[in-house]
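The following exercises ask you to read features off a model and to justify each reading step by step. Please have the sequence and the coordinates at hand before you begin.

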Amino acid sequence: MKKEKTNFILKILNGLSIGVIIALVPGAILGSLMKIFANNPTALAIGQMATLAQSLLAVIAAMAVGQAFKFSMIDTGSMALAAFMGSGAATVSPKGVFVLNGPGDIINIGVTLVIAVLLIQLLAGRLGQLKVILSPILLLAIAGGLGKLLLPYVHSITTSLGSAINDLTGLRPLIMGPLMGIVFAVLILSPISSVAIAMAIGLTGIGSGAANLGITTASFALAIMGSSVNSLGGTLSHFIGTPKVQMANMLSKPKLFIPIVIVSALAGLEGALLKVGGTAMSAGFGFSGLIGPLGAFATGTTNLFLLLLEFVVIPLVLAYSVHLLFVKKLHFIEPMDLKLPEAD
């Protein structure tokens, strides 16, 4: 029973993670890059498309969750309707016009998906040939309605939490910077989406920068410590892609978190001292897709040399230092502990 509950939660979280990657990454990368071209019509059009895509987060997440639970297309599509209603991505203006407001509340999308999945499982085999008609109606009205009803309360909680974290980070950067670095480095190596959490709480400013530096430095550390047993592609995938490729090794060998906690705390401290910034949209990505550096660039660090120092030089020095200490000198960690599975 406990395993089934864990699998249920992981399927929801993984669906949200996939939705975040597909819907938000284009906007995070293209949105920053297109600013370079100022008012160029093509650049503006591309930026607008990437922004519009963010509003489909709930729909894409629902499709991913439906596939994970092996639901039919009818149920999956119906769940997508419900998730979109519960996301708050669209609101009605005083004039009765629908207005898109970005991706919506990620936590409430997850809550709505949980309600929708349970409802689909409850109705399984009970609708007969009327399923194609009743499933969209029931999912939209019940799951979507409950999600919409809960939205203001869930959003209020997450917004308050985010504001508290951002305020505390501003007041106590030397404490919160390292803490954000650690938390997000650990999150990126777990089944939980670091980006979804950052978006949910609206992590901005130094908190966002510290989170990205923690992830970046953890990525470099894992890549370097396992470089002798992994291929070049596998080594590069840690920071060009995501350090989540090490999730299985990290969870099966918890001692691997010790050097990661150390370097991510120091990286977070670096972010606080250098006042590295970021946005809620960029937080949680680290070096992947250059989203972390682009977020810092967009929020104040416009000096390219300083950006290189913050996101490459210092993280590499920290990463190589723990490699020398934990792998070469203490032999506390063996490179084989970080061996990635061979690609098919």
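A charge is said to sit over a ring if NZ of Lys or CZ of Arg is within 6 Å of the ring centre and within 35 degrees of the ring normal. The model is a predicted one, in which local features need pLDDT of at least 70 and side-chain atom pairs count only at pLDDT 80 or more, while totals for chains, interfaces and linings use all residues. Residues are numbered from 1 along each chain as its sequence is written, and side-chain values use heavy atoms, with hydrogens and water left out.

**Exercise 1. Charges over rings**

Determine which rings have the charged ends of lysine 11 and lysine 255 over them.

Solution. For lysine 11, the ring is that of phenylalanine 69, with the charged end 4.9 Å from its centre. For lysine 255, the ring belongs to phenylalanine 332, and the distance to its centre is 5.6 Å. Phe69 also takes part in an aromatic cluster with Phe8 and Phe71.

**Exercise 2. An aromatic pair**

Classify the pair formed by phenylalanine 220 and phenylalanine 287 as stacked, edge-to-face or tilted.

Solution. Begin with the criterion: rings of Phe, Tyr and Trp (its six-membered ring) pair if their centres lie within 6.5 Å, and planes under 30 degrees apart count as stacked, over 60 as edge-to-face and the rest as tilted. The structure holds 6 aromatic pairs. In the pair in question the centres are 5.7 Å apart and the planes stand at 55°, so the pair is tilted.

Next, place the two residues, using helices (H or I, at least four residues) and strands (E, at least two) as DSSP runs numbered from the N terminus. Phenylalanine 220 belongs to helix α9 (residues 205–225), whereas phenylalanine 287 lies in the loop between α12 (257–274) and α13 (291–298), so that the pair links distant parts of the chain, 67 residues apart.

Finally, consider burial, where buried means under 20% relative accessible area, exposed over 50% and partly exposed in between (1.4 Å probe, protein chains only). Phenylalanine 220 is buried at 4%, and phenylalanine 287 is buried at 17%.

**Exercise 3. The surroundings of α9**

Establish whether threonine 217 is buried or exposed, and which residues it contacts beyond its neighbours within four places in sequence.

Solution. Threonine 217 is found in helix α9, of whose 21 residues 19 are buried. Threonine 217 itself has 0% relative accessibility and therefore counts as buried. With contact meaning heavy atoms within 4.5 Å, threonine 217 touches Val263, Ala267, Pro315, Leu318 and Ala319, its neighbours within four places being left aside.

**Exercise 4. Helix α5 and its ends**

Compare the span of α5 with its expected value, and identify the residue that caps its N-terminal end.

Solution. The expected span is 1.5 Å times one less than the number of residues. For the 18 residues of α5 (residues 106–123) this should give 26 Å, and the end C-alpha atoms are 26 Å apart, which agrees. The cap is aspartate 105, a side-chain oxygen of which lies 3.1 Å from the backbone nitrogen of isoleucine 107. After the helix comes glycine 125, with a positive phi near 75°. The buried residues of α5 include Asn108, Gly110 and Thr112.

**Exercise 5. Enclosure of α13**

Decide how many of the residues of α13 are buried.

Solution. In α13, 6 of the 8 residues are buried, so the helix is largely enclosed by the rest of the structure. The buried residues are Ile291, Gly292, Pro293, Leu294, Gly295 and Ala296. Glycine 300, which follows α13, has a positive phi near 135°.

Notes:
A polar contact is a pair of N or O atoms within 3.5 Å; within protein, one must be able to donate a hydrogen and the other to accept it, and residues adjacent in sequence count only if both atoms are side-chain atoms.
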